[in-house]
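Reader: Please take one part of this model and look at it closely, setting it against the rest of its chain and the partner chain.

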Amino acid sequence: MSALQADVVAALGDLELAARLVVEGMRAGPHRSPFRGFSTEFQQHRSYRAGDDLRHLDWKLLARTDRLYTRQFRDTTNMSVMLVVDTSASMGFGGGFGGGSRARGAGREGVTKLRYATILAAALAYLAVNEGDAAGLLSASDGPLTYLPARGGRAHLRSLVARLDRLTPSGTWQPARVIARAAELLKRRGLIVVLSDFYDAEDETLRELKRARRRGHDVALLHTLARPEITFDYRGDVEFRDLESGATRVVPADAVGAGYRSAVGDFLTRWRSRAQQHGIDYALFPTDEPPARALRTYVVKRDSRPRHSTSPTSTGHA
Amino acid sequence: MTWLNPWAWIGLVAVGVPIAIHLLTRAQPRPQPFPTLRFLGRATTTAVRRRVLRDRALLAVRVAIVAAIVAACAQPFFRTPAGGPADASSLRRAVVIDTSASLQRTSTHGRQAIDVARELAGHLEPPAATSVSIEVDRLPEGLARATTWLHSRGGRQEIVVLSDFQRGALAQSDVAGVPADIGLRLVKIDTALSASADAPAERIGDRVWTPRLTLEADRTIVAWSASALPARPFDDLQVIASPPEAARLAPAVAAARIIGVPADPERHRIAVLLPGATDRAQVLSAAGAIDQRWMFGTVERLRHDSTLAAAAAGVVLDRSVPAETPPFAVVARDRTGSPLIEAASGHGSKDPQLLLVAHSDDGLFVSALIASTQRTDASALSELEPITLTPEELATWQRPTPPTPTPSTTTGQSLQDSDGRWFWIAALALLALEGWVRRTRRAASPSEVTHARVA
């Protein structure tokens, strides 16, 4: 099944259906799941490949055969996935022009970042529940936290998807507080997936992410940005209004475009390098990418990268 | 400054073109919601403001270019005939007021017509920058004097004639003598239609018959009245001459005394001084300025006496006669223009007398002079004319004042000499300025980019 375009998926009123389509599209590839849980059931040996965690090297087999083999385990334990979704007003940006405030974004065109993030989150939840894992939801803006504990089961999935569907962009959010809360709410070591544009409180956010890692959680950052935020292909004089603060600034877009793109490039590079530095999964999800394709690409990368898991027994499955 | 082609100012509507283009193409800041402003430079708003200011300057320059072109097409004209600054659009007016006897009559307004004319002269519209009133009893002469006065002045010119326009007082040929670039307005003063006056008396036998004429629009009434000759009928005329002259002129004097009828022999005494008179120097030394109203009237009548003028034209003095110093006034000149008759106030044996000094003893001339002194002023009869020029006739003779004088007629310059070239030069200079502003605007953009990158 080919990957559906982002706007087509986003246009689906049924988020659960959208998530299923995304997952189905994603499965057209060689990987089944992005989640590699903490398993204790040995499955097989395979030849050691550079980058494999040395802790999973079968030393006894090495001693007997003088060959390097890595032990692989089957995912038998339920993994808890906590989906942390940024619902601040900046996530309502879709890349279109105009200042209309609609329920799911401010833009007249394009998929809003929040909608795209909810599709990704629903797809991940769908995937997790189908694999027998647990999925939970935590989101917040200025108001109280929206929290759904990580559980499995279809009924819970529907509830989670329904919660996701009701998320609307508004106000600001405090990523450090929400991430810290997510790390606390996961009863055992799990996976925290943060879907955000990460504009707010970079240092504090990173600090909490590192703390979550230290608590044993796997952390993944799905950096969701609209394409115009990256390319800044505006023309003429534009009065930009900050979706969160309401501040405005008139700029000659042609003149400042290069400077803007350079600054955004630095911003993205900084997040990528910091995440890599601290063993955090990081992936950029432009909202004009088909969600299935973007998710599959992410999974491929996640599978191929060296594990930094704090778990002594985990490894990826083929 | 005046505009030779003021209709070109309609072209000012073209100023709206650059304004419309500016408004239509002006890049209005487009509102755009955006997730964050953190990556936008701080100084960019200032850059936009600078560009907006430059845009306004550019618009002003473009509007000025159009205005300069339109002004050039309107052909401004800065100079006067004298070369100095002047407002050629202002009006110069010469008002000719008819003071002939007919204007002494009562007007239809119940006042004396001449007063009505003078009052009208002071309230003519539109107001003139410069005006002059010329009061004459002969309209052709007034027109000539008005034309002469206006000839030395620039600007728009107009002659206004205030008269009752009795038929014969003004002819089309008189009007044709006024230059075409001078407007002509003929304002009619209505007067009473009938008037009476005494015609020159006739001596028939031993009585003097005086006809009184009353002219009305459809009839003429003549009433004769007879009176006896005065006891000293001819004492009013004294001829001061040498004996030979007196002898030679005796028949002429006698004839004049027989034919002529003195108007008021008791009061109006005239002395004719001939060149050969033995006491000429003594008489001249005793002369003084004319100080009697009847003397003025007599001198004026003699000046316009056609018989005397014809006789004087036949005389050529064999020597140049220097004009007498004041108080002498020239009454007639010979064919070469030398003074032939001069007038002053003399002192006779009894009453003041009008002294006429003749510089020639030509028989025909002296006879005409003596005869003229004995005639009543017949020219006054023309003032009885009850029929006036119709408004239609006057309308055909009138012409409006040209809106602006053409340089070819008022200044001697051609249209190509208008000062529009200065506006063309200004337009070219503004065009260069517009190009410079545009280049400056283009050159300013990279600096803004650099600024934003730094920010």
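Author: What follows begins with a helix of chain A and then moves outward to the cores, the strands and the confidence values.

This is a predicted model, in which local features need pLDDT of at least 70 and side-chain atom pairs count only at pLDDT 80 or more, while totals for chains, interfaces and linings use all residues. Residues are numbered from 1 along each chain as its sequence is written, and chains are lettered from A and ligands numbered from 1 in the order in which they are written.

The part chosen is helix 9 of chain A, residues 253-277; helices (H or I, at least four residues) and strands (E, at least two) are DSSP runs, numbered from the N terminus. Its 25 residues reach 34 Å from the first C-alpha to the last, close to the 36 Å expected at 1.5 Å a residue, where the expected span is 1.5 Å times one less than the number of residues. Helix 9 of chain A nevertheless has a kink of about 25 degrees, centred on A:Gly259, the bend at a residue being the angle between axes fitted to the seven residues ending there and the seven starting there. A:Gly259 is also among the buried residues of this helix, together with A:Ala253, A:Ala255, A:Val256, A:Tyr260, A:Phe267 and A:Ala275; a residue is buried if 20 or more other C-beta atoms lie within 10 Å of its own, exposed if 12 or fewer, and partly exposed in between, with C-beta atoms placed from the backbone. Just after helix 9 of chain A, A:Gly279 takes a positive phi of about 70 degrees.

The surrounding chain A contains ten helices and ten strands, and 47% of its 318 residues count as buried. The largest nonpolar core (a set of buried Ala, Val, Leu, Ile, Met, Phe, Trp, Tyr and Cys residues joined through C-beta atoms within 7 Å) has 62 residues, and those with the most contacts inside it include A:Val81, A:Leu120 and A:Val193. Helix 4 of chain A, residues 113-130, gives the most to this core, with 14 residues. Leaving aside neighbours within four places in sequence, A:Val193 is in contact with A:Val81, A:Leu83, A:Val84, A:Leu124, A:Ala220 and A:Leu222, a contact meaning that the C-beta atoms of two residues, placed from the backbone, lie within 7 Å. Apart from that core lies another, of 38 residues, among them B:Leu273, B:Ala312, B:Ala343 and B:Leu354.

In chain B, which has 13 helices and 16 strands, buried residues make up 30% of the 455 residues. Strand 10 (residues 207-215) and strand 11 of chain B pair in the antiparallel sense over nine bridges, pairing requiring that DSSP finds at least two bridges between two strands, and B:Leu213 stands opposite B:Val222 in strand 11. Of the nine residues of strand 11 of chain B (residues 220-228), the number buried is zero, so this strand lies largely in the open.

Confidence should be read alongside this picture. The mean pLDDT (the predictor's confidence in each residue, from 0 to 100) of chain A is 78, with 76% of its residues reaching 70 or more, and the mean for chain B is 77, with 77% of its residues reaching 70 or more. In chain A, pLDDT stays under 50 over residues 97-108, for which the model has 35 contacts beyond four places in sequence. For the complex, the predictor gives an ipTM of 0.75 and a pTM of 0.45.
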